Amino acid sequence: MNQSYHWQPYFEATELEQAITLPAELYVSEQAHQLDRQAIFTRSWQCVGHVSELANNGDVITAEVANKPIVILRDHEGQLRAYYNVCKHRAGPLVLQKGNVKVLSCKYHGWTYKLDGQLRTAPEMQSTPNFELCDVHLDSVNVDTWQGYLFVNLSNSPIELAKVFENIVEKIAPINLLKMQFHHRDVYDVSCNWKVYMDNYLEGYHLPHVHPGLNKLLDYKSYTTELSPWYSYQFSPLESDDNFYGDGAAHYFCVYPNLMLNILPGRCQVNIIVPSEKNQCKVIFDYYYSDLESSSTKKMIQQDLSFSDEVQDEDIAICEHVQKGLESGSYHQGRLCVKRESGVWHFQELLRRAYREVSEL
Ligand code: FES
Ligand SMILES: [Fe+2]
């Protein structure tokens, strides 16, 4: 019997008041890792970069989504396109690194494709019977942008990307993400299932215990969580007078399934959580700032980076402990705090729905 059928009782929808966590098995087993790939990562919008990386016609980048190689480019007419990075001859790779290209040329035997995906040349294939260039086309993948961020979706019938992010622009005004510039990327390998990291992000309940520094900066009592169909929104006014971000608020968005936008005055930090093994994930931090040049901002950036490192070290340590707890055999499921963990409930409800959908296929 397929393992996901065995888990089906855990996929039933729950009310917040009755909320109980997903069972430990879904965080520790190889079958659950495969289920996440099938139910979540091949069926959702995945952030693969920023449009500034595809500024010119012919610019190309690569990505991996649900372990599948993808190429994203801007064609000669300026249109964004994405394909499986897989040649139709014998599955060779078309692009190995970012760059600017006139055609996509396979690294195995040199077949070339136009940027619209159509096969253009195939060396020495003229004498091969029943072979026509016009019959061969790369498999395309959905690509779209939101506020400058690039997304792809492997599903055949994806939900509109704009719907996923509905109202975020309004909630953060006057902060304008389109005006922010990329600063740098940090990547962390964390020894926990990707959902442990997500769950942890989704509640401020752990703030007083895990993040004493952050707790001073935020106003824990007025920390609120709002739920939208595809994301949850944690909001806190910035409290201490000497905080280096200036006046304003901290906006934390967790967008289904694995994207976080941490927006403070003058900065947006994008986190992408990518499962690598059943008990390992990659946590990508991309830092964007509205100004990279002025000396006051440079100072703010330095303070922001060292403060983010401190908070991230604290989160990694607690998540790795939780993974050990989940693997210990002494934990199955636990009740969620209605007042402080509605974001965890909401995320796990979206997962349950995705699991139900593939179990019913
Ligand atoms: S696999 Fe691409 S040309 Fe052979
Ligand atoms: Fe945290």
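Hi everyone, this is a short tour of an iron site, a sheet, a helix and an annotated domain in one structure. Please keep in mind that we are looking at a predicted model.

Let's start with the metal. Which residues donate to the iron ion, ligand 2? On the protein side they are His206 and His211, each through NE2, and Asp315, which appears twice through OD atoms. Those donors lie 2.0 to 2.7 Å from the iron. Along the sequence, the spacing reads H-x4-H-x103-D. The angles subtended by the four donor atoms run from 52 to 157°, so the arrangement is irregular. And are the two histidines buried or exposed? Histidine 206 counts as buried because its relative accessibility is 12%, under the 20% cut-off. Histidine 211 is buried too, at 1%.

The aspartate brings us to helix H9, residues 295-327. H9 has 33 residues and spans 48 Å from first to last C-alpha, close to the 48 Å expected at 1.5 Å a residue. After H9 comes glycine 329, with a positive phi near 85°.

Now for the sheet. Seven strands make an open, antiparallel sheet, ordered E11-E17-E16-E15-E14-E13-E12. E11 (181-190) and E12 (224-227) are the edge strands with a single partner each, so one side of each has no neighbour in the sheet. From one strand to the next, the twist averages 15°. E11 pairs with E17, residues 280-289, over nine antiparallel bridges. Within that pairing, histidine 184 has tyrosine 287 of E17 as its bridge partner.

Last stop: an unreviewed UniProt entry annotates residues 45-152 as "domain: Rieske". In the model, residues 45-152 are 0% helix and 41% strand, and the end C-alpha atoms sit 6 Å apart. Thanks, everyone!

Definitions and conventions: Residues numbered from 1 in each chain as written. Chains lettered and ligands numbered in written order. Predicted model: local features only at pLDDT ≥ 70, side-chain atom pairs only at ≥ 80, totals over all residues. Heavy atoms only, no water. Helix = DSSP H or I, 4+ residues; strand = E, 2+ residues; numbered from the N terminus. Expected span 1.5 Å × (residues − 1). Donors = N, O, S within 2.8 Å, 3.2 Å for Na, K, Ca; no water. Tetrahedral: all angles 85-135°; square planar, octahedral: opposite > 155°, others 65-115°. Buried < 20%, exposed > 50% of the residue type's maximum accessible area, 1.4 Å probe, protein only. UniProt positions renumbered as here; feature names shortened; annotations may be inferred. Pairing = 2+ DSSP bridges. Axes fitted to C-alpha atoms, helices over the stretch in contact; angles between N-to-C directions.
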